[in-house]
Each structure stands twice: as structure tokens, then as C-alpha cells.
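Student: I've got a structure open on my screen and I'm not sure how to read it. Can we walk through it together?

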Amino acid sequence: ADIDLYKLAAECVDMLKMNARKQNVTMKLCGKPCTVYADRQLMEELLYNLCDNAIRYNNRGGSVTVTVDEKDGHVFLSIRDTGIGIPTEHQDRVFERFYRVDKSRSKATGGTGLGLAIVKHIVAQHGASISLESQAGKGTEIRVEFSDALKQQMEERAENA
Ligand code: ATP
Ligand code: MG
């Protein structure tokens with residue numbers, strides 16, 4: 001269905017604000033209402049997993065910025081944090097199931113290492129693309145870009161079904 005990703009992101013930010021506050025992390029939402037053709041529940045799950053990571057792997061006093069906006073006619077979602085970052089040599093692997101960067105540290109922060117694998121799967125299901133930019137000690141940005149081509153495809157499929 002057509003859903004407003006910005007509104008969904010706002011709900012997710014609201015839901016996680018208390019978690020963030022406990023860790024002294026501030027959350028901010030930027031952008032504007034943007035419609036994407038997507039499964040609402042899966043988008044909620046995607047947003048939740050990315051925001052949860054951005055809070056969990058942050059530092060006290062850090063911040064998380066969630067942006068939903070349009071660029072060149074494409075909707076994108078960005079989740080940027082000022083946290084611990086992901087060392088270059090781990091960046092390709094964090095999307096694998098059960099992969100966690102620092103197992104000893106990760107034990108303290110809970111988690112099973114499935115969040116990003118689920119996110120990757122949801123992104124693929126929607127014909128979207130995902131990219132990660134991160135610097136150890138500085139922070140991480142994950143971007144999900146939605147394409148219109150897929151929307152057309154899905155609509156055609158629905159019509160033919
Ligand atoms: P789960 O999400 O299943 O509760 P998890 O958070 O460990 O557990 P993923 O969300 O898949 O699993 O993330 C995999 C690993 O990638 C994490 O353990 C962490 O080491 C690293 N990671 C993910 N997001 C970030 C981030 N925003 N900043 C720093 N490291 C991150
Ligand atoms: Mg996670």
C-alpha cells in the first residue's frame with residue numbers, strides 16, 4: 001500500500017525516545033512527508049531495527065538523526081548516529097545473520113545479530129537499496145533508497161493477480 005514513511009518514522013522515533021533518553025541520546029526527525037509503496041509492518045520493523053542500533057551503539061550524550069526525504073524523485077530514509085561506528089573490515093559483514101562486531105562488548109548490549117539481516121531482506125523485498133557509511137569512533141549512517149520502478153512492477157503484479 002502507499003504509506004507515508006515520514007509519519008511512520010515519526011511514530012518510531014516517539015516509541016524509542018524513552019530508550020534513547022535512558023542512554024542520554026537525543027533523537028531528531030528531519031525531512032517531510034513522503035509516500036512509498038511498501039508493506040507497513042515491514043517498514044515498521046526496518047525502522048525499528050535501524051533506530052534501535054543507532055541508539056544502542058551510541059555514546060552517552062550522542063544523537064540519532066532520522067531523515068525521510070526526496071531526492072531526484074526518489075524517496076530515501078537515512079539514519080545517522082554519532083556512536084561507536086563500525087570498523088571498515090566489518091562493514092560488509094554486519095548484514096549477515098548472527099554477525100556482531102565485538103562479541104564481548106555486544107554481550108553487554110544484548111542482541112542476537114539478526115537486526116540488519118532482517119533489514120537487508122526487507123529492503124530486497126521492496127526493490128530498494130541500502131548503503132552504509134561508517135567510521136569507527138565517529139558514527140554511522142545507513143541509507144535506504146526506494147525506486148519508483150518497483151512501485152510500477154508491484155502495481156502491475158497486483159493488477160494481474
Ligand atoms: P539484534 O538487532 O538482533 O538485536 P544486533 O544489534 O547485534 O542484534 P544487528 O542489528 O544485525 O544485530 O547488527 C549487527 C552488528 O553490527 C551489531 O552487533 C553491531 O556490532 C554492529 N552495528 C549495527 N548497527 C550499528 C551502528 N549504528 N553503530 C555501530 N555498530 C553497529
Ligand atoms: Mg540490532
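Tutor: Sure! Keep in mind that this is a predicted model. Let's start with one residue, I79: skipping its neighbours within four places in sequence, I79 is in contact with L50, C51, A54, V64, V66 and I142.

Student: Which residues touch the most other members of the largest nonpolar core?

Tutor: That core has 33 residues, and I79 is in the group you're after, along with L5, A9, L50, C51 and V64. At least two core residues come from each of α1 (5-22), α2, β4 (63-71), β5 (74-81), α5 and β7 (139-145). The top contributor is α2, with seven residues.

Student: How do I read a helix like α5? Which of its residues are buried?

Tutor: Check where the buried positions point. In α5 they are G115, L116, V119 and I122. Looking down the axis of α5, the buried residues fall within an arc of 115°, so they line one face of the helix. Those buried residues pack against α2. Just past α5, G127 has a positive phi of about 60°.

Student: And what surrounds ligand 1?

Tutor: A shell of 22 residues, with Y57, V101, G111, G115 and L116 the closest. Both α2 (40-56) and α5 (115-125) supply at least two residues of that shell. Sorted by class, there are ten nonpolar, ten polar and two charged residues.

Student: What about confidence: what is the mean pLDDT of the chain?

Tutor: It's 92, and 93% of the residues reach 70 or more. The model also scores ipTM 0.99 and pTM 0.92.

Key:
Residues numbered from 1 in each chain as written. Chains lettered and ligands numbered in written order. Predicted model: local features only at pLDDT ≥ 70, side-chain atom pairs only at ≥ 80, totals over all residues. Near = placed C-beta within 6 Å. Helix = DSSP H or I, 4+ residues; strand = E, 2+ residues; numbered from the N terminus. Nonpolar A, V, L, I, M, F, W, Y, C, P; charged D, E, K, R; others polar. Core = buried A, V, L, I, M, F, W, Y, C linked by C-beta atoms within 7 Å. Buried ≥ 20, exposed ≤ 12 C-beta atoms within 10 Å, placed from the backbone. Contact = placed C-beta atoms within 7 Å. pLDDT = per-residue confidence, 0-100. Arc of directions from axis to C-beta.
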